[in-house]
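Hi everyone, thanks for coming. Please take a look at the structure on the screen, and I'll walk you through it.

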Amino acid sequence: MIYSEKGVTLRDGRAAVFRSPTAADAAAMMAYLRTCAEETDFIPHYPEECDETEEQEARFLEGVNESPYGLMVVCVVGGEIAGNCQLNLNRRIKRRHRASVAIALKRAFWGLGIGTMMLQELAAIARRQGVTQLELDYVEGNARARRLYEKAGFVQTGEKPNAIRLKDGTMLREISMVMYL
């Protein structure tokens, strides 16, 4: 799915653009993903695991844009990818009322309202697609994400113990949440 470009204003007054990423964004997306993984343990991979080639990333982005079941939106601030979010719709009839979401932001752009605006956009798109339930998981200890999700209307529905194992052996839970549309 393609997202129609939209200009937004951040809490600090800066202009930003929400849009679908393109194959031309592949190198910037790879750098963005590595940066996010370096900045927090709450991303489900380490920076060295961001090992796709630019060509592979370009094909992935094209595939998301061409899919009727997936949508990715990037937030661009001053020419820099500040964050991204993704909506994944279910293909099967029995699960078509459900969709999953994911979101990440570079640390420099935390607290500017990007996450809130992204979740609002994904919820609106999901509603138009007939979705009545958005779902996500976040990693234990990520209080910022939990507050964002609760503010958006998500409620905790469960947890997966020992879902994440850090390099130092620390085990973290994944917390499951649902937002009813």
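**A walk from the core outwards**

Let's start in the middle: the largest nonpolar core has 38 residues, and those with the most contacts inside it are Phe18, Leu87, Ile114, Leu134, Tyr149 and Phe154. Several elements give two or more residues to this core, including strand E2 (15–19), strand E4 (80–89), helix H3 and helix H4 (143–152). Which element gives the most? H3 does, with 8 residues. As background, in soluble globular proteins nonpolar side chains tend to be buried together. There is also a second, separate core of 12 residues, which includes Ala37, Val64, Val74 and Ile81. Before we go further, please keep in mind that this is a predicted model.

Now to the sheet. In what order do its strands lie? The order is E1-E2-E3-E4-E5-E6-E8-E7, so to speak your map for the rest of this talk: 8 strands in an open sheet with mixed pairing. At the edges are strand E1 (6–9) and E7, each of which pairs on one side only. On average, neighbouring strands here are turned by 25° against each other, with direction ignored. As a reminder, strands of a sheet pair through backbone hydrogen bonds, either parallel or antiparallel. E2 and E3 give us an antiparallel example, joined by 3 bridges.

Phe18, which we met in the core, stands opposite Cys75 in E3. Setting aside neighbours within four places in sequence, Phe18 has contacts that include Tyr3, Val8, Val73, Cys75, Ile114, Met117 and Met118.

Next, the helices. H2 lies across E3 and E4 and runs at about 115° to E3. H3 packs on the sheet too, where it touches E1, E2, E3, E4, E5, E6 and E8, and its direction makes about 30° with that of E4. Is H3 mostly covered or mostly open? Mostly covered, with 11 of its 15 residues buried. Among those buried residues are Ile114, Met117, Met118, Leu122 and Ile125. We can also check the length of H3: at 1.5 Å a residue, its 15 residues (114–128) should span 21 Å, and the end C-alpha atoms are indeed 21 Å apart, so the two agree.

Here's a small backbone detail. Most residues other than glycine have a negative phi. Just after H3, Gly130 takes a positive phi of about 85°. Asn162 is not a glycine, yet its phi is positive as well, near 50°. You'll find Asn162 in strand E7 (155–165).

What about the cysteines? The structure holds 0 disulfides. Why is Cys36 not bonded to Cys50? Their sulfurs are 8.8 Å apart, which is too far for a bond, and Cys50 holds the closest cysteine sulfur to Cys36. Cys75 is in no disulfide either, with the nearest cysteine sulfur, that of Cys85, 9.0 Å away. Both Cys36, at 4% relative accessibility, and Cys75, at 0%, count as buried.

Last stop, the loops. Pro68 sits between helix H2 (54–66) and strand E3 (70–77), and because its relative accessibility is 52%, Pro68 counts as exposed. Beyond its neighbours within four places in sequence, Pro68 is in contact with Met1 and Leu89. Arg107, in the loop between E5 and H3, is partly exposed, with a relative accessible area of 42%.

Thanks for listening!

Definitions and conventions
Residues numbered from 1 in each chain as written. Predicted model: local features only at pLDDT ≥ 70, side-chain atom pairs only at ≥ 80, totals over all residues. Heavy atoms only, no water. Helix = DSSP H or I, 4+ residues; strand = E, 2+ residues; numbered from the N terminus. Expected span 1.5 Å × (residues − 1). Buried < 20%, exposed > 50% of the residue type's maximum accessible area, 1.4 Å probe, protein only. Contact = heavy atoms within 4.5 Å. Core = buried A, V, L, I, M, F, W, Y, C linked by side-chain atoms within 4.5 Å. Disulfide = S-S within 2.5 Å. Pairing = 2+ DSSP bridges. Axes fitted to C-alpha atoms, helices over the stretch in contact; angles between N-to-C directions.
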